[in-house]
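Good morning, colleagues. I should like to introduce a structure that is new to this group, beginning with its overall layout and ending with its aromatic rings.

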Amino acid sequence: VTTWAEKTMVVELDSQDLRGIDTAGNTTGRNAYIPANSVITDAFMVVETAFTSAGSTTLSIGFAEDDGTVIDADGVDATIAKTAMDAVGDVVQCDGAMVGGVVTVGADNAYPYVTIGTGPYTAGVAKVVIKYFTPV
């Protein structure tokens, strides 16, 4: 039996990073990445400052390669509703296609990639916690 040590990556999302981005990707946390060929076992987001916007903005979290090539734009979670992150302490259990140990992130390092729906966020801070392991 082979066992691998689970690791954790934490990325802070701040509405300041997301302002002005409308249906376009924003690679955040350029120093933080999931190593190539890793498997994501769990992911969740914890709201530290409530997210606000003028509309019904959504947030999607995925991964891109270092050069910006998208691996999966919503592989961590797709279209998280503003109502799921509009209060301090809200926790979103991420359920994207790349979460749960079914697929790897691919042959390249995977950097967090965030997209928003319609309209920018005017406030909000959250920590995205991603647990993974890298087979040897």
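**Layout and aromatic pairs**

Read from the N terminus, the elements of this protein follow the order β-α-β-β-β-β-β-β-β. The model before you is a predicted one. In total, the protein has 1 helix and 8 strands.

Let me turn to the overall figures. The protein has 136 residues, and 40% of them are buried. Its accessible surface is about 6400 Å², with 52% belonging to carbon and sulfur atoms. If we take the contacts between residues at least 6 apart in sequence, 82% join residues at least 24 apart.

I now come to the aromatic rings. How many aromatic pairs are there? The count is 2. One of them is formed by Y33 and Y111, whose ring centres lie 5.4 Å apart; with 45 degrees between the planes, this pair is tilted. Y33 sits in the loop between β2 and β3, while Y111 belongs to strand β7, so that the pair links parts of the chain 78 residues apart. As for exposure, Y33 is partly exposed, at a relative accessible area of 35%, whereas Y111 is buried, at 8%.

The rings of F51 and Y121 also form a pair, with centres 5.3 Å apart. Why is this pair called edge-to-face? Its planes stand at 80 degrees, and an angle over 60 counts as edge-to-face. F51 is in strand β3 and Y121 in strand β8, so this pair ties together parts 70 residues apart in sequence. Both F51 and Y121 are buried.

How values were computed:
Residues are numbered from 1 along each chain as its sequence is written. This is a predicted model: local features need pLDDT of at least 70, side-chain atom pairs count only at pLDDT 80 or more; totals for chains, interfaces and linings use all residues. Side-chain values use heavy atoms; hydrogens and water are left out. Helices (H or I, at least four residues) and strands (E, at least two) are DSSP runs, numbered from the N terminus. Buried means under 20% relative accessible area, exposed over 50%, partly exposed in between (1.4 Å probe, protein chains only). Contact means heavy atoms within 4.5 Å. Accessible areas come from the Shrake-Rupley method with a 1.4 Å probe; for residues, only the protein chains shown count as cover. Rings of Phe, Tyr and Trp (its six-membered ring) pair if their centres lie within 6.5 Å; planes under 30 degrees apart count as stacked, over 60 as edge-to-face and the rest as tilted.
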